[in-house]
Every structure is written in structure tokens, then in C-alpha cells.
Amino acid sequence: QSSRSVVCMLQSVQLSVFTLLASHRTLPTRWTSPLPQHRAAAVRCVAPAATPLASLLEPGTGQGAAQRLILVGGKGGVGKTSSSSAIAVRLADTGLSTLIVSTDPAHSLSDALMQDVSGGSPVGVAGCENLQAMEVETADAVDRFRAAVSGFRAADLGLGGLAEEVLGQLGLDEFADILDNVPPGLDELLALAETLAVVRGAEPDSDGAASLTGFERVVFDTAPTGHTLRLLAFPEFLDNLLGKVVALKARLLAAIGLLKGVLGGNDPTDKIEAAVARLQRWRDRVASLRELLTDEDVTDFVVVGIPSRLAVAECARLLSALADQGVPVSHLIVNQVVDGASSTAYLDRIRAEQGRELKRLDGSSPLGELALSRLPFFDLEMRGVFPLQYVASQAFRGTNADAWEDLLADQKDRFVLVGGKGGVGKTTTSASLAVQFATDGHSTLLVSTDPAHSLGDALETDLSSGEVVRVEGVAGAALYAC
């Protein structure tokens, strides 16, 4: 029953989304006005989808009924999962068989649908006949990738002795080490490439489940912008790396030919061929992913944001990155827009929801064991040193001072990590904490490790060079950022 209620709410959400998109090839002026310097460039450098997004709602026998892929992405916390779910519900409501897939390693699709869709296999969504949903198990895809790589180590060939030593000197183990230690972001790429291979009918489902090729529309709820930017960069890197590994095959076979005298009857040629075949399969998957992401007749990327300075700046960076990679994008959804007619009721609902969740934090939740600092909702975006100093005074002084006294007064070198869900204020919190450290006399370095950086926007300081930059305007010790 709760799942059906959620579907009804998503149907309400998607009405507002698709009412906007149904009659506009380009976005309404009031939605694009914060990006005047980017919009014209986007028209020149991003190939728009062959048809407006609203045409995906139209069942038929022509192009509109062919399988299409819709990727939904943007800054964390702006409503990507709600938007992608609403799109999927509307597609399903028009009679199109639809699959929504979460490739975010930190899934929230089950929470949005109030239904468990984990496990890596499609699950029917209660209350929506034509919709199925699944959360991709990225760890499983990584494990299968590692299994493919494992056959490329000299020790895996079972040769031993001199033969294993000679083959190891060809650089085999070094390549395997690079591929085996999966860097951040590659997990989503592997999971997406594997899922698309099955959805598009290029490969059977590895688990022997029913084919996923029958879906007319596939909606991908992607990870936050930082993951997406890494995902866009990885296909070329991985393709080049796998190409070099496959090219080693000729050198390996030549070396084996020279070592036949010491191998006896142990010929590893078949093992090498099998290892190369597994890697080639992954290489083909990645190549197919690159092709699909740039095919405007198949794929449309929908950017999601909210009307805030930091979110708009990140949308612009994401749009630029998509343009550089040739990914078709022609739609922007802006959530959390408050108009005058609904502002009072909106704030009442927000206040009630916050009250319920704050009671949970004060109750039996494990989070209740942490020192809790409450900050008010600021009606302005806190950007620049002086606004951040005010945030610090509210966060780390006054009623919250006891929770931070030891950390702020400690004279030893300290290493502080700030993390949490996208869009909850990590950058503002870390920046204001750094400002407070410097104000209290601690020489401080503030570092952003997010590929989708917004630290420069928060500090109103240009950090694009990648070099350490001194932040001006801080009284006390020096504050540096990069």
C-alpha cells in the first residue's frame, strides 16, 4: 500500500515535470536565466536529442517506440532520484514497458519507491503495472572484472620457476595490479557497461535471469556529478589500458614458444587465450557504452539541479563535461522552486518533516550518540569568507561550542574529514570550519577531493589551477585551499 502511495506522489511530481517538457524543445526563460553565459554555448556544442523528451511518452510503431535510454544526473541532493522515478512512472503510465536502474553506489531508489528493489535484478513496482526497478550491485560487477583480470598474472598460468619469472618480466603483473585495484568511479562504469550490454541484447544476463531487452524505455538514476565526471573520463582510459593488455598476448605467445623446452607438457596458451577473451568482452562493453552515450537517437541525458548558486554552477560544469564527451543533453529540470502562492504551506510541511527527523536523531538512532550541532536555515547562500565566518559562529560557537571545543583548541596537527550525502552542505560546513580554525590561530589547509568541485564557489576564490591558493580576508592564521 505504501508503494502505491509513493507511485501516486511520483505521478503528481511527473505531471509538473512533463507539463513543462511537453511543449518546449528548449527550456523556459525563467529556468535558464541563471545560466545566460552557458546556454548559448550549450546550443552550439551539445547535440540536442532528435526529439523532445516529451516525445518519449508517445507509444507507437515509429522512432518513438524504439528502445531509448534516459540518464538522469546532477549534484547530490537536488532530486535526481525523485526526478528519474517520476519520469519512469510517467513513461510506464503511457503504456511503455519501462525499467529504472540505479547505478549510484549509494542507492536511494528503494527509499524513493518505498519498496526493496535491491539485489541486482528487476522488481515490479507496486501500483505501476508497466514499471520495473533495480539497484545495480556495483560490487558484483567489480568482482567479475577482477575475475577476468586474474588470469593475466604470471602466477595464474601455473608455470613456476624460470618460465614464470620470464613472463613476469614482460610487465604482466604490473598491468594486472593496475586493473585489480579498481579506482573510485570505475565501479559505476563497470556496472553501467554490464547492465547496458544486457539491456541492449548484446549479451545474455550473467545470472540466467529473464532477458532485459523487452523494455522500451530504460531510465538510469546515476551517481552525483563527481561520479558522473569520472565515469565520462574512464571509458577512453580503460579502453586504452585493456588494448595494451590484449596487445601483450603476442609477446606472451612468442615468449612461450621460446620457453617450450622448459615448459614440458604445460602449455598455457589456452589460459592466455581465455584471459584475453574475458578482457576483450569488457573492452567491447566499454566501447558499446561510449557509442551509446553519444548516440542522440538512443540516449538523452537529463541534468537536474536546484535554483541555488552552487548547484547552478555545478550544472554548468556538468553540461560542459557532457559537451566535451559528445553526450546529447537538451533538458534541465530545476527542483525545489518556491513560488509566492505556495511558500507558507511549503515551509509548514518542511518544518513538520524536519521535526520528525530531528526527534529520530535525538532518540534511539545510532546517530544520537554523536555530538549534534543544529544550524538554522539561512535565507541567503553563504559564499565568501565573511558569510562563512557567520556560519562558523552558529555552527561551532554558542550552544554548539561544547561539541567543538576540544577540536578547535587542540594545538596538535589535526586531520579532519567532512562527509555526507550530496547536497546537505558539506562544502559550506568544511569551509566554515576551516575559516574558524584559521580565525582561532591554526594555520589551515582546506582540500576538496570531490571531482565536481564547488569549494571555489563557496570561498569565492579561483581554485581552478589545482595549486594551493591563499584565501584572503581571514583574520588570524593563514588559510589555504586547493
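In what order do the 3 strands of the open sheet stand? The legends below take that up and then move on to a helix and two aromatic pairs; please keep in mind that this is a predicted model.

**View 1. A small set of strands forms an open sheet with mixed pairing.**
The order of the 3 strands is S8-S10-S9. Strand S8 (444-446) and strand S9 (469-470) are found at the edges, and each has a single partner strand, so one side of each has no neighbour in the sheet. S8 and strand S10 (residues 479-481) run parallel and are joined by 3 bridges. To find your way along this pairing, look for Thr 444, which stands opposite Leu 479 in S10.

**View 2. Helix H17 packs on the sheet.**
Here we stay with the strands and bring in helix H17, made up of residues 426-439. H17 touches both S8 and S10, and its direction makes about 170° with that of S8.

**View 3. Helix H13 is mostly covered.**
H13 runs through residues 309-325, and at 1.5 Å a residue its 17 residues should span 24 Å; the end C-alpha atoms are 25 Å apart, so the model agrees with that expectation. Of these 17 residues, 12 are buried. Among them are Leu 310, Val 312, Glu 314, Cys 315 and Leu 318. Further along, Leu 319, Ala 321, Leu 322 and Ala 323 are buried as well.

**View 4. The two ends of H13 each have a residue to look for.**
At the N-terminal end, Ser 308 acts as a cap: one of its side-chain oxygens lies 3.3 Å from the backbone nitrogen of Ala 311. At the other end, H13 is followed by Gly 326, which has a positive phi, near 75°.

**View 5. Phe 378 and Tyr 390 form one of the 2 aromatic pairs found in a search of the whole structure.**
Their ring centres are 5.9 Å apart and their planes stand at 70°; an angle over 60 degrees counts as edge-to-face, so this pair is edge-to-face. Phe 378 belongs to the loop between helix H14 (343-362) and helix H15 (385-395), while Tyr 390 is in helix H15, so the pair ties together parts 12 residues apart in sequence. Tyr 390 has 43% relative accessibility and therefore counts as partly exposed.

**View 6. Phe 396 and Trp 404 make another edge-to-face pair.**
These rings are 4.7 Å apart, centre to centre, with 75° between the planes. Phe 396 is buried, with a relative accessible area of 1%.

Notes. Residues numbered from 1 in each chain as written. Predicted model: local features only at pLDDT ≥ 70, side-chain atom pairs only at ≥ 80, totals over all residues. Heavy atoms only, no water. Helix = DSSP H or I, 4+ residues; strand = E, 2+ residues; numbered from the N terminus. Expected span 1.5 Å × (residues − 1). Buried < 20%, exposed > 50% of the residue type's maximum accessible area, 1.4 Å probe, protein only. Polar contact = N/O pair within 3.5 Å; in protein donor to acceptor, adjacent residues only side chain to side chain. Pairing = 2+ DSSP bridges. Contact = heavy atoms within 4.5 Å. Axes fitted to C-alpha atoms, helices over the stretch in contact; angles between N-to-C directions. Phe/Tyr/Trp six-rings, centres within 6.5 Å; stacked < 30°, edge-to-face > 60°.
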